[in-house]
Amino acid sequence: MGIERSVKKNSEEILNEALDKLVLLSPNKKTYDQLTSLMFQLYCGNDYGLGNFSLSFLDKIEKRWQQGRKAAAAVKGIKLVVKNA
């Protein structure tokens, strides 16, 4: 039982750290609520029509990261080139 509590505590700490970071990244409460609502829906199994959810979702996350970084670089007048491994 000690191991289960340790794992649960670590998972709770991880969640708390992620939520703390989300607070820092969110420009306002509305955005924070939208993101936490999405997290809860994902937790409850909503696959948003992606079919093979885990792979499609991970691909979508990576593509959005790359697009967002390119857009942020463009605002600064930099062209970002991403190499696929």
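Me: Let me start with the largest pocket: which element supplies the largest share of its lining?

Reply: Good place to begin. In this predicted model, the largest share of that lining comes from α3, with 6 residues. A lining can be read element by element: α2 (29-43) and α3 (53-75) each supply at least two of the residues here.

Me: How many residues line the largest pocket, and which of them lie nearest its centre?

Reply: The lining has 11 residues, and L35, L38, F57, I61 and R64 are the ones nearest the centre. The space inside comes to about 450 Å³.

Me: What is the chemical make-up of that lining, by class?

Reply: Sort the lining residues into classes and look at the split. For the largest pocket there are 9 nonpolar and 2 charged residues, with no polar ones. R64, one of the residues nearest the centre, belongs to the charged class because Arg is counted there.

Me: Which residues line the second largest pocket?

Reply: L15, T36, M39, F40 and Y43 do. The volume is about 160 Å³. Here α2 gives the most to the lining, with 4 residues. By class, this lining divides into 4 nonpolar and 1 polar residue, and none is charged. Tyr counts as nonpolar under this scheme, so Y43 goes with the nonpolar group.

Me: Before I lean on these pockets, what does the confidence look like along the protein chain?

Reply: A sensible check. Where pLDDT is low, the predicted coordinates should not be read in detail. For this protein chain the average pLDDT is 83, and 85% of the residues score at least 70. Helix α1 (residues 2-25) has the lowest confidence, with a mean of 80, while α2 has the highest, at 92.

Me: How many helices and strands are there in the protein chain?

Reply: There are 3 helices and 0 strands. Along the sequence the pattern reads α-α-α.

Me: And what share of the residues counts as buried?

Reply: Burial is judged by relative accessible area, with under 20% as the cut-off. Of the 85 residues in the protein chain, 5% pass as buried. The chain exposes about 7700 Å², and 60% of that area is supplied by carbon and sulfur atoms.

Me: How many salt bridges does the count give, and which side chains meet?

Reply: The count comes to 1 salt bridge. In that bridge, the side chains of D33 and K29 meet at 2.5 Å, N to O.

Me: Why are D33 and K29 separated by about one helical turn?

Reply: Look at the spacing in sequence: D33 and K29 are 4 residues apart in helix α2, which means about one helical turn between them. Then check each partner's accessibility. D33 has a relative accessible area of 35%, so D33 is partly exposed. K29, at 55%, counts as exposed.

Me: What is worth a look in the loop between α2 and α3?

Reply: Two residues there reward a closer look, D47 and Y48. D47 and F57 are 10 residues apart in sequence, and their C-alpha atoms are 8.5 Å apart in space. F57 is also among the residues nearest the centre of the largest pocket. D47 counts as partly exposed, at 31% relative accessibility.

Me: What is the backbone phi of Y48?

Reply: Y48 has a positive phi of about 50°, although this residue is not a glycine. Its relative accessibility is 38%, so Y48 counts as partly exposed.

How values were computed: Residues numbered from 1 in each chain as written. Heavy atoms only, no water. 1 Å grid on protein atoms, 1.4 Å probe; cavity = no way out; pocket = protein on both sides within 12 Å on 5 of 7 lines; lining within 4 Å. Points joined across faces, edges and corners; volume = space filled by probe spheres on them. pLDDT = per-residue confidence, 0-100. Buried < 20%, exposed > 50% of the residue type's maximum accessible area, 1.4 Å probe, protein only. Areas by Shrake-Rupley, 256 points an atom, 1.4 Å probe, with all protein chains shown as cover. Salt bridge = Lys/Arg side-chain N within 4 Å of Asp/Glu carboxyl O.
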